[in-house]
Amino acid sequence: MAELYREMDFELDPLFETIISDLMTQDYSIVDHFIDPKTVSLLRHSLLAHFEEDRFKKAAIGSKTNEVIAAAIRGDYILWIDERIQTHVENLFFKRLNDLVAYLNRTCFLGILQTEFHYALYPPGTGYKRHLDSFQNDHKRKLSIAFYLNPEDWTETDGGALALYIKGAGEEQTVLVPPVGGRMVIFESQKIPHEVLKANRDRLSITGWLKTS
Ligand code: OGA
Ligand code: MN
């Protein structure tokens, strides 16, 4: 029944299908070239321009946490992206993202009603210790997304990998994802503990959540 609906109603998108089957089998998916390199480079320059304008804020981890402790847990600077006031290039990002969200809702009945995204810049030597994205009692976060804006010459020695801690049948496995520009990681917010390892150079991304309300 569901298959019939899918065939009749819209075109299959191979990349989106890969994401869906990965999510169903392993709760995460890693895809490269989610957006073309030219747009990634424009988004990178847009992030850096906002940063130069001093619009970023030190990311927090909860209202009652002492700032010194917070900085040891999480070292990034963020700028929330207002969906209503976007530049042309940010629009390209949201267009692609909203296509994915519509596809997920149609094929998996996920019921994503809301999204929230911010730019993030981790200065050299900073990271984000192991955590789940359901803190602050925000259980509406269904899927977490990190989309990397680093140049494509990012190498393993630059560090900054996202470590996903996967609980299988046996021991916990660590999946390391270098933050290469154009790469998107999407995973179940409530299920996969993860950590941002320290980088040796500025680590740039757009990070956000697909929420059920
Ligand atoms: C976060 C996070 C992952 C990444 O911001 O909560 O886990 O790779 N980011 O930037
Ligand atoms: Mn996280």
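Modeller: A residue is called buried under 20% relative accessible area, exposed over 50%, and partly exposed in between, with a 1.4 Å probe and protein chains only. This is a predicted model, in which local features need pLDDT of at least 70, side-chain atom pairs count only at pLDDT 80 or more, and totals for chains, interfaces and linings use all residues. Residues are numbered from 1 along each chain as its sequence is written, chains are lettered from A and ligands numbered from 1 in the order in which they are written, and side-chain values use heavy atoms, with hydrogens and water left out.

Colleague: Why is Asp133 called buried or exposed?

Modeller: Asp133 has 4% relative accessibility, so Asp133 counts as buried. His194 also has 4%, and therefore counts as buried.

Colleague: What makes a residue a protein donor of the manganese ion (ligand 2)?

Modeller: Donors are N, O and S atoms within 2.8 Å of the metal (3.2 Å for Na, K and Ca); water is not among the atoms, so sites may look incomplete. His131 (NE2), Asp133 (OD) and His194 (NE2) lie 2.1 to 2.2 Å from the manganese ion, with the spacing H-x1-D-x60-H along the chain.

Colleague: Which parts does the pair Asp133 and His194 tie together?

Modeller: Asp133 lies in the loop between strand S5 (128-131) and strand S6 (141-148), and His194 in strand S10 (residues 194-196), so the pair ties together parts 61 residues apart in sequence. Strands (E, at least two residues) and helices (H or I, at least four) are DSSP runs, numbered from the N terminus.

Colleague: Why is His33 called buried or exposed?

Modeller: His33 has 52% relative accessibility, so His33 counts as exposed. His33 is in the loop between strand S1 (28-31) and helix H3 (37-52), and its phi is near 55°, a positive value in a residue other than glycine.
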